[in-house]
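Me: I'm new to reading protein structures. Could you walk me through one, feature by feature?

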Amino acid sequence: MRFLPENGRNRRRKIRHIRKGRKDLNTKELVYFKTVYEEKSINQAAKKLYITSQGLGRNIRALETEFQVKLFERTKKGVEPTPYAELLYKKTGALIQQLEELSEEFAKLKSGGGKFRIGLSYGILKILPMKVILEFIRENPRFQIEWREYLNEEVKNMVLSSDLDYGLIVGECASRELIQRKVMSRKIMLLVYKDHPFYPLEQVELDMLKEEKILTMDEDFHIYHVFEEACRKRGFYPKIADKTDNGAVLYRLCEEKQGVAPIMDFTTDIYKTEGVREIPLKEDLRWDVVSICRRENQESEPIEKFDKQIKKYFN
């Protein structure tokens, strides 16, 4: 039989004790901690979580063992967070989201695929043929692919909230939580009817539109905001005569001489309206198509594949 020195035996027992006490950090423990922090009471938090105070106390102690720090000090009124708890609370929201997303990714790997939800801003399908999406669906049967059109802001918000995995929007998105890539860019032109003084011109400047009646897509469309902002930068607000959510109606209104309209340079080929023509603007106004996904999802297999297919088509 082999004997260890006394200090060696103590050290071995200590190591075994630490290993036995360790647990894998999970979402439930973080939710429990967050609730105790916000309620400043084990009892109140337990009621809110529909568990026993004893069970909640064990979970908090498990967290303290995991991090080897004291998270709460007991008081007559309940508990007070320590500086370690303050720090953990600041990180809790992000940690919970990351753990939930990790669980979803693991579930997808186990099932050999998973859902891939695509959101397209209205207008995108005027330049992106349906066959590109259908081809991607046929080539990737492992994934349950869903797609749908939404308003531009809806796509941004749904990708941010993880209700969509991938979006194609018009214009950039300011959020730091998203990865965005410009897919393609088209010029914004001016649609003019036949008897209008601008009709024979080769180019029109924004300053020439100060007194013109303007027809435009409504506020749900990115082109409205690009055009309005460009006019404001020139020192005037455009005189909007009419707004619509339908491109064909916009062309019809212009054909009926109700005003001139900012349009994308590809729409005339779509609507083929007689008695109108598109004229370039001197100012370089752009209608940019941008792909977006959450930063932590950018390397997922379906996103990389679909992004590659979209770039291949537009390039």
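Me: Let's start with a single residue. Is lysine 243 buried, exposed or partly exposed?

Reply: Keep in mind that this is a predicted model. Buried means under 20% relative accessible area and exposed means over 50%, with partly exposed in between. Lysine 243 has a relative accessible area of 37%, so it is partly exposed.

Me: Which residue does lysine 243 form a salt bridge with?

Reply: For a salt bridge, look for a side-chain nitrogen of Lys or Arg within 4 Å of a carboxyl oxygen of Asp or Glu. Here the partner is glutamate 219, and the closest N and O atoms are 2.6 Å apart. Lysine 243 sits in strand S8, while glutamate 219 is in the loop between strand S7 and helix H8, so the bridge ties together parts 24 residues apart in sequence. Glutamate 219 is partly exposed too, at 36%.

Me: Which residues are joined into one network by salt bridges that share partners?

Reply: Arg142, Glu301 and Lys305 are joined that way. Overall, the count comes to 20 salt bridges.

Me: Where do lysine 156 and glutamate 153 lie?

Reply: Both are in helix H7, three residues apart, which is about one turn of the helix. Their side chains meet in a salt bridge at 3.0 Å, N to O. Check the accessibility of each partner, though: lysine 156 counts as buried because its value is 9%, whereas glutamate 153, at 46%, counts as partly exposed.

Me: And how many residues apart are glutamate 146 and lysine 115?

Reply: Their side chains also meet in a salt bridge, at 3.4 Å, N to O. This pair links distant parts of the chain, with glutamate 146 in strand S4 and lysine 115 in strand S3, 31 residues apart. Glutamate 146 is partly exposed at 31%, and lysine 115 is partly exposed at 41%.

Me: Now the inside. How many residues does the largest nonpolar core have?

Reply: The general idea is that nonpolar side chains tend to be buried together in soluble globular proteins. In this model the largest nonpolar core has 57 residues, and Leu168, Leu209, Trp287 and Ile310 have the most contacts inside it. Strand S6 gives the largest share of this core, nine residues. Apart from it lies another core, of 17 residues, including Ala46 and Leu63.

Me: What does tryptophan 287 touch?

Reply: Leaving out residues up to four places away in sequence, its contacts include Gly123, Val170, Met184, Ile223 and Phe266. That fits a wider pattern to look for: among contacts between residues at least 6 apart in sequence, 74% join residues at least 24 apart.

Me: Which residues form a nonpolar patch on the surface?

Reply: Met130, Leu134 and Trp147 do, with about 230 Å² of accessible area together. Tryptophan 147 is in strand S4, and its relative accessible area of 32% makes it partly exposed.

Me: How many disulfides does the structure hold?

Reply: A disulfide is a covalent bond between the sulfur atoms of two cysteines. The structure holds zero disulfides. You can still ask where cysteines sit: cysteine 231 is buried at 0%, and cysteine 254 is buried at 0% as well.

Me: Finally, the big picture. How many helices and strands are there?

Reply: There are 11 helices and 11 strands. Of the 315 residues, 42% are buried. The protein exposes about 19000 Å², and carbon and sulfur atoms supply 49% of that.

Terms used:
Residues numbered from 1 in each chain as written. Predicted model: local features only at pLDDT ≥ 70, side-chain atom pairs only at ≥ 80, totals over all residues. Heavy atoms only, no water. Patch = residues over 30% accessible without salt bridge, like charges linked within 9 Å, V, L, I, M, F, W, Y side chains within 5 Å. Areas by Shrake-Rupley, 256 points an atom, 1.4 Å probe, with all protein chains shown as cover. Helix = DSSP H or I, 4+ residues; strand = E, 2+ residues; numbered from the N terminus. Buried < 20%, exposed > 50% of the residue type's maximum accessible area, 1.4 Å probe, protein only. Core = buried A, V, L, I, M, F, W, Y, C linked by side-chain atoms within 4.5 Å. Contact = heavy atoms within 4.5 Å. Disulfide = S-S within 2.5 Å.
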